[in-house]
Amino acid sequence: MKRTILGLLLMGLISFGACKENKNTGEKNFKKDGVEVSAAHINKQLLVGSWLDTSESQLHFSMLQDGTARSDNMATLLYQKWRVEGSKLILTVKSIGNGSSSVDEESYEIKTLTEEKLVLQNGDFTMEFEKKMIKE
């Protein structure tokens, strides 16, 4: 169950960009403003902020500048850290429930990453997120 919840959360996180595989290297490339960008050059700064899950689950979370993460509306699924490896987002998650807890790392392919949208994929499971805009 925790994998399903986390999967929903992360799949909603990455859902706004075109991605294609470079036939020469096998590396995935993204389009940003009509320009192809190598997955090796993912702008980690775009990941920093609060992300709103667009699914019915509404599993919102935030990724902070220092590599820590937090769950914004979940008491039993606690995000602790995040990092990027190639084109993958790796989240360290603590699951709390029924008197026990466990810590796992979840890996998601970043399919789309823009200033407003994040789409993550793990196998056949895709999650989409919108960045929470701060009103001034």
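Welcome to this predicted model, in which the protein averages a pLDDT of 78 and 68% of the residues score at least 70. Two stretches deserve caution. Over residues 4-27, pLDDT stays under 50, although the model has 106 contacts beyond four places in sequence for them. Residues 32-37 also stay under 50, and for these the model has nine contacts beyond four places in sequence. Where pLDDT is low, the predicted coordinates should not be read in detail.

**The overall layout**

The secondary structure comes to one helix and 11 strands. Reading along the sequence, you meet them in the pattern α-β-β-β-β-β-β-β-β-β-β-β. The protein has 136 residues, and 39% of them count as buried. Among contacts between residues at least 6 apart in sequence, 47% join residues at least 24 apart.

**The nonpolar core**

The largest nonpolar core holds 23 residues, and Leu47, Met63, Leu89 and Leu118 touch the most other members. Six strands each supply at least two residues of this core: E5 (61-63), E7 (77-85), E8 (88-97), E9 (100-113), E10 (117-122) and E11 (125-131). The largest share, four residues, comes from E7.

**A hairpin to look for**

Strand E7 also takes part in a hairpin with E8, with two residues between them. In the turn sits Gly86, which has a positive phi of about 65 degrees. The two strands run antiparallel and are joined by eight bridges. To see one such pairing, find Trp82, whose bridge partner in E8 is Leu91.

**Aromatic rings**

The model counts two aromatic pairs. In one of them, the ring centres of Phe61 and Phe129 are 5.3 Å apart and the planes stand at 85 degrees, so this pair is edge-to-face. The pair links distant parts of the chain, with Phe61 in strand E5 and Phe129 in strand E11, 68 residues apart. Both Phe61 and Phe129 are buried. Ring pairs also bring in Tyr79, linking Phe61, Tyr79 and Phe129 into a cluster.

**Two polar residues up close**

Thr54 and Ser50 make a helpful pair to look at one after the other. Thr54 lies in the loop between strand E4 (49-53) and E5, while Ser50 is in strand E4 itself. With a relative accessible area of 42%, Thr54 is partly exposed. Ser50 is buried, because its relative accessible area of 17% falls under the 20% cut-off.

Beyond residues up to four places away in sequence, Thr54 touches Glu128, Phe129 and Glu130. Thr54 and Glu128 are 74 residues apart in sequence, yet their C-alpha atoms are 5.9 Å apart in space. The side chain of Thr54 reaches the backbone oxygen of Glu128. Ser50, for its part, uses its side chain for a polar contact with the side chain of Ser62. Leaving out residues up to four places away in sequence, Ser50 touches Phe61, Ser62, Arg70, Asp72, Glu130, Lys131 and Lys132.

The distances for these two side chains are set out here:

| Side chain | Partner | Distance |
|---|---|---|
| Thr54 | backbone oxygen of Glu128 | 3.1 Å |
| Ser50 | side chain of Ser62 | 2.6 Å |

Some residues turn up in more than one of these places. Phe129, for example, is in the ring cluster and is touched by Thr54. Phe61 belongs to that cluster too, and Phe61 is among the residues touched by Ser50.

Technical notes. Residues numbered from 1 in each chain as written. Predicted model: local features only at pLDDT ≥ 70, side-chain atom pairs only at ≥ 80, totals over all residues. Heavy atoms only, no water. pLDDT = per-residue confidence, 0-100. Contact = heavy atoms within 4.5 Å. Core = buried A, V, L, I, M, F, W, Y, C linked by side-chain atoms within 4.5 Å. Buried < 20%, exposed > 50% of the residue type's maximum accessible area, 1.4 Å probe, protein only. Phe/Tyr/Trp six-rings, centres within 6.5 Å; stacked < 30°, edge-to-face > 60°. Polar contact = N/O pair within 3.5 Å; in protein donor to acceptor, adjacent residues only side chain to side chain. Pairing = 2+ DSSP bridges.
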